[in-house]
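Hi,

Here is the structure I promised to pass on. Have a look at it first, and my notes on what turned up follow below.

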Amino acid sequence: MAGGQERILRRRIKSVQATRKITKAMELIAASQIARAQARIAANRPYRDGMARVIYEAAKSDPRAAAKLLGTPDRVQNAVVLSIVGDRGLSGAYNSSVLRATERLVAQLKSDGTSVQLITVGKKALAYFRFRGLDVQQSFQGFSDRPTFSDAREVARVTAAPFVNGEAEQVIIVYNRFLSAASQQVESRQILPIIVHEEAAVDTKKDLEGYTEFEPEVEQLLGELGPKAIESEIFTALLEGAASFHTSQQRAMAAATDNADELGRSLTRIMNRARQDAITTEIMEIVSGAEALRERK
Amino acid sequence: MPVLHVEIVTPESSLWEGDATALIARSSDGNFTILPEHTAVIGDLVPGVLRVETAEGELSFVEHGGYFQVNTDHDADATTATVLVGTAERTSDIDVARAEAAKATAEAALAATNREGDLDDAVLQSARDALARAELRLGAAK
């Protein structure tokens, strides 16, 4: 009987509406997190800029001492790649685009004869690389939504160790850069040796450049500065990653909610038609039954 | 009147910002004081207590290592001291109970490492750092 189909459709509509409720809730939560994540990026900026200025000044005043810590090495035999993604899915292409970029980078480094140590942040990364048979040296998880500086410090310690011990010549970070609420992009960037940001000079008075005194000597200072600077770099990347994650999730969940609305509408339409069909058929049956009875009289 | 503008920033927030008459702290070369019109200097900070003297009185902070930069703008008669520290807090904000607990945890961790004799450098180091931090906080709070 046609009423069976109607019941099935009603059940599907209910399930779509339940899903919609979840996606809508996730959308709203993600949206509220975006603002907070953005505020944290803004709060981190003075520290990052200050760090960049210190490095810039130190590099300017003693280029020879800075050489080990700065600039791109000519020949890289061992590299460390740090890939930053989220702990959770349901966030559009956020995780997969970073992971694919990491995989490409690793493949390229390997084809150039560089051995690669892979370090990851985020639950999603471990599953992805394990499935693809790539060796993950160490992985971190559990803080990608709201990273703190001590998380960053821990990641930095592990990531910088091979460079500090002289086992690796380069450290590259792959993460989702948060350019604005409307635009994020995957970026892979060398964090060790440190790249001096020329913009850092803007704040410094031109006539004072190179007249800065150092306490202790630049050489000693730079040795400590490397690991410290990448703590800051990694923290910034974690913060931007978190902001990108929430943005991406908000967008994905908004799309899912729209989709559920659309699906609910079309299912309702189909259900109404099915019900109308059932009624029409029933009337037809009654009418033709009545006709048959009358003819027999 | 020359001013000394002090900014104390951590990666998570700007802790304090304002005009001061002096900044007293400790670098690996020893204690130092920055006064207005100090020459441009960059240095490190060892974990300790950092004091800022302002017209309204003295502020004290506990910091766990970092850097400072002093910049002087002779035209504007302004000196800016930027303090970059990983973790820092106002001495008055220190939670003594929490610091005591952290100290106990760190001591227990150290004792455990000693007993096992299995010296994982990283674990040992992080326990030692935690202990040093807790002791510094407690010392400053008293």
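**Chain B: domains and overall picture**

Chain B splits into two domains, with domain 1 covering 3-92 and domain 2 covering 95-141. Their C-alpha centres are 28 Å apart. Where the two touch, eight residues of domain 1 of chain B and five residues of domain 2 of chain B take part in the contact. Before you go further, keep in mind that this is a predicted model.

As for secondary structure, chain B has 10 strands and two helices. Reading from the N terminus, the order is β-β-β-β-β-β-β-β-β-β-α-α, so you will meet the strands before you get to the helices. Along the principal axes, the C-alpha atoms of chain B fill a box of roughly 60 × 25 × 25 Å.

A few whole-chain numbers you may want to have at hand:

- Of the 142 residues in chain B, 44% are buried.
- Among contacts in chain B with a separation of 6 or more, 56% are between residues 24 or more positions apart.
- The exposed area of chain B is about 7000 Å², and 48% of it comes from carbon and sulfur atoms.
- Chain B carries 10 positive and 25 negative charges, and the mean positions of the two sets are 12 Å apart.

**Chain B: the strands**

Start at the N-terminal end. Strand E1 (residues 3-9) of chain B runs antiparallel to strand E2 (residues 14-20) of chain B, and six bridges join them. The two form a hairpin, with four residues between E1(B) and E2(B). If you want a pair to click on, Glu7(B) has Glu17(B) in E2(B) as its bridge partner.

Next comes another hairpin, in which two residues link E3(B) to E4(B). Here strand E3 (residues 22-27) of chain B and strand E4 (residues 30-34) of chain B are antiparallel, with five bridges between them. Leu23(B) is the residue opposite Ile34(B) in E4(B).

E3(B) also has a second pairing to look at: three bridges connect it, again in the antiparallel sense, to strand E6 (residues 48-54) of chain B. In that pairing Ile24(B) sits opposite Arg51(B) in E6(B).

How many of the six residues of E3(B) are buried? Five are, so the strand is largely enclosed by the rest of the structure.

One backbone detail in this chain is worth a look. Glu37(B), in the loop between E4 and strand E5 (41-45) of chain B, is not a glycine, yet its phi is positive, near 70°. For context, most residues other than glycine have a negative phi.

**Chain A: domains**

Chain A is also divided into two parts: domain 1 is made of 2-21 + 254-296, and domain 2 spans 27-251. The centres of domain 1 of chain A and domain 2 of chain A, taken over C-alpha atoms, are 56 Å apart.

**Chain A: the loop between E1 and H3**

Two residues here caught my eye. Asp87(A) belongs to the loop that runs between strand E1 (78-84) and helix H3 (94-111) of chain A. Leu90(A) is in the loop between E1 and H3 of chain A as well.

Which of the two is buried and which is exposed? Asp87(A) counts as buried because its relative accessibility is 16%, under the 20% cut-off. Leu90(A) counts as exposed because its relative accessibility is 58%, over the 50% cut-off.

What does Asp87(A) touch, leaving aside neighbours within four places in sequence? Its contacts are Gly122(A), Lys123(A), Lys124(A), Gln141(A), Gly142(A), Phe143(A) and Ser144(A). By contrast, the C-alpha atom of Ile13(A), 74 residues away along the chain, is 31 Å from that of Asp87(A).

Leu90(A) has its own backbone feature: a positive phi of about 55°, although it is not a glycine.

**Chain A: helix H4**

In helix H4 (residues 123-131) of chain A, the buried residues are Ala125(A), Leu126(A), Tyr128(A) and Phe129(A). These buried residues of H4(A) pack against E1, H3, strand E2 (115-121) and strand E3 (138-140) of chain A. After H4(A) comes Gly133(A), with a positive phi near 75°.

That's what I have for now. Over to you!

Terms used. Residues numbered from 1 in each chain as written. Chains lettered and ligands numbered in written order. Predicted model: local features only at pLDDT ≥ 70, side-chain atom pairs only at ≥ 80, totals over all residues. Heavy atoms only, no water. Buried < 20%, exposed > 50% of the residue type's maximum accessible area, 1.4 Å probe, protein only. Contact = heavy atoms within 4.5 Å. Areas by Shrake-Rupley, 256 points an atom, 1.4 Å probe, with all protein chains shown as cover. Lys, Arg positive; Asp, Glu negative; His and termini not counted. Charge placed at Lys NZ, Arg CZ, Asp CG, Glu CD. Pairing = 2+ DSSP bridges. Domains from an automatic or database assignment.
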